[in-house]
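I opened this notebook to record what I looked up, entry by entry. The topics are a single residue, the packing of helices, and salt bridges.

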Amino acid sequence: MQSHESLSGGSPAQSAALQQAIDTHMAGRLDEAAAIYEAVLEQDPIQPVALHYFGIYLHQVGRHEEAVEKLMLSCALESEDAGWQNDLGNVLFALGRFDEAEQAYGDALAVAPGDHMVWNNLGAALLQQGKVEEATQSFLRAVGIAPDFAPALQHLGGIYEAAGDKMQASHYQCRAYVLPPLEGKSKQMLGISFYFLGRQQEAAQAYREWLAEEPDNPIAAHMLAACSQLDVPARASDRYVESHFDHYAETFESNLLESLGYRGPSLIAEGLALVAQPARQFEALDIGCGTGLCGPYLAPFAHTITGVDLAGKMLEKAKSDRQYSRLEKAEIGDYLSRHPLCCDLMTAADTMIYFGDLSAVFGQVAGALRPGGYYIFTVEALTPQDAAPSGFCLHASGRYRHSRDYVRRHLQENGMEVVHDSDQILREEIRQSVAGMLFVAKRTAQAAG
């Protein structure tokens, strides 16, 4: 509450009394303030300041109908006071009279169209009436005026989440989450949020602080390297892969398929269609099988399917689908080395994105494939913005990206002939398509050695 210009419209004694009442009101001595308002109104029943603040008092003590009457009269007397119209709207909103609150907020905005708080309040009133599109526009106006206004950002996040647009929802939720104060907030969520917003150095700082608190945390270490581009490993550590995917096992499929438009398994299906007609003829190995999303696509082509993954919780989900003959928790390089010539079809949907240097793993793949066997896999593709003189880089997402030439060269060096490669979209992330490639390679007889 502030002094109002109408304080100067009466006698000096009245103005002084009203200022005393407002100060007393702000100090929490409500009944003392009310007595002064009533005394002023006894002398001047339409004194707008006394009416308005007495109306607020009446609302505070539960005399709501009287409060609305006084506030409406004060606003009629001082129709150019946007703050008062907003106060009236707030009282009507609290009473569930949302259509009247909408009108009051509209009156306030007619006077002060640049007030982001009133736009937010109007959006809330519209939302309560089910006017979602109009509410969305009001909240957008609020954040257009004040980009860091948390209530409007949170409202927008909630609207888009309810509509199933998790990408837009995440955008606004992340903007709200990274607002100060940051103390007490999850360092991991801060890192994710800053990354999502394209603020990589701040993401790196969040991961740096997290690693300082938990020096042995593999996720903090990997993501710090990804966002800072310092001490970048040649591949994601086993502990990172296991921790990361065990953490997301329960929501992995819904996030990928519903939120990110994940296409990895369907791309594997495209690769399968290039090499054979489905006749359950292959002994298949799905490396990095996760929750088993490739299983239904492999089943028509394979009489047995083995799935291998480091994340035990992901394998539990895969087990429930009953597509796999065997499931084994293992690091894929170790598994491949222990099972030479074990299959004639191998798939890897978004598994190679956790390897930077592909030479070793491709050698292990070749060793596990029988001569003439096929390896079908996806990788993320380098973009012109990526600095990758070696042919691959660790992106700030925590995933590796590769060039076409790099992948082709290492396949050929390890005795695998490229049958097919094509540009593809792997998923959506940060409201942008993630570029990738689908490869189909064939193990040559000469490499069988």
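**Entry 1: a residue in a helix.** I began with Glu-213, which is found in helix H12, residues 200-213. I noted at the outset that I am working with a predicted model. Is Glu-213 buried or exposed? Its relative accessible area is 51%, and a residue counts as exposed over 50%, so Glu-213 is exposed. I then looked up its distance to Lys-187, a residue 26 positions away along the chain. The C-alpha atoms of Glu-213 and Lys-187 are separated by 9.6 Å.

**Entry 2: helices H7 and H8.** I turned next to H7 and to helix H8, which covers residues 132-145. Their axes lie 8 Å apart, and the helices pack at an angle of about 165 degrees. Angles over 145 degrees count as roughly antiparallel, and H7 and H8 are therefore roughly antiparallel to each other. I recorded their crossing as left-handed. On the H7 side, the contact includes His-116, Trp-119, Leu-122 and Gly-123. On the H8 side, the residues include Val-132, Glu-134, Phe-139 and Arg-141. By class, I found 10 nonpolar, four polar and two charged residues in the contact of H7 with H8.

**Entry 3: helices H7 and H9.** I then compared the direction of H7 (residues 116-128) with that of helix H9 (residues 150-162). The two pack at an angle of about 30 degrees, and their axes are 10 Å apart. Angles under 35 degrees count as roughly parallel, which makes H7 roughly parallel to H9. The crossing of H7 and H9 is left-handed. Which residues of H7 meet H9? They are Asn-120, Ala-124 and Leu-127, and their partners in H9 are Pro-151, Ala-152, His-155 and Ile-159. I sorted the residues of this contact into five nonpolar and two polar, with no charged residue.

**Entry 4: salt bridges.** How many salt bridges does the count come to? I recorded 25 salt bridges. I examined three pairs in turn.

The side chains of Arg-199 and Glu-202 meet in a salt bridge, with 2.8 Å from N to O. Arg-199 counts as partly exposed at 33% relative accessibility, and Glu-202 is also partly exposed, at 35%.

Arg-399 and Glu-380 form a salt bridge in which the closest N and O atoms are 2.4 Å apart. This pair links distant parts of the chain, 19 residues apart. Arg-399 lies in the loop between strand S6 (392-394) and strand S7 (400-402), whereas Glu-380 belongs to strand S5 (residues 369-381). I noted that both Arg-399 and Glu-380 are buried.

The third pair is Arg-404 and Asp-423, whose closest N and O atoms are 2.7 Å apart in a salt bridge. This pair, too, links distant parts of the chain: Arg-404 is in helix H21 (residues 404-413) and Asp-423 is in strand S8 (residues 416-429). Arg-404 counts as partly exposed at 27% relative accessibility, while Asp-423 counts as exposed at 56%.

Finally, I looked for salt bridges that share partners. They join Glu-380, Asp-386, Arg-399, Arg-401 and Glu-429 into one network.

Terms used. Residues are numbered from 1 along each chain as its sequence is written. This is a predicted model: local features need pLDDT of at least 70, side-chain atom pairs count only at pLDDT 80 or more; totals for chains, interfaces and linings use all residues. Side-chain values use heavy atoms; hydrogens and water are left out. Axes are lines fitted to C-alpha atoms, for helices over the stretch in contact, and angles run from 0 to 180 degrees between N-to-C directions. Helices (H or I, at least four residues) and strands (E, at least two) are DSSP runs, numbered from the N terminus. Angles under 35 degrees count as roughly parallel, over 145 as roughly antiparallel, 65 to 115 as roughly perpendicular and the rest as oblique. A crossing is left-handed if the near helix is turned anticlockwise from the far one by less than a right angle, and right-handed if clockwise. Contact means heavy atoms within 4.5 Å. Ala, Val, Leu, Ile, Met, Phe, Trp, Tyr, Cys and Pro count as nonpolar, Asp, Glu, Lys and Arg as charged, and the others, Gly among them, as polar. A salt bridge is a side-chain nitrogen of Lys or Arg within 4 Å of a carboxyl oxygen of Asp or Glu. Buried means under 20% relative accessible area, exposed over 50%, partly exposed in between (1.4 Å probe, protein chains only).
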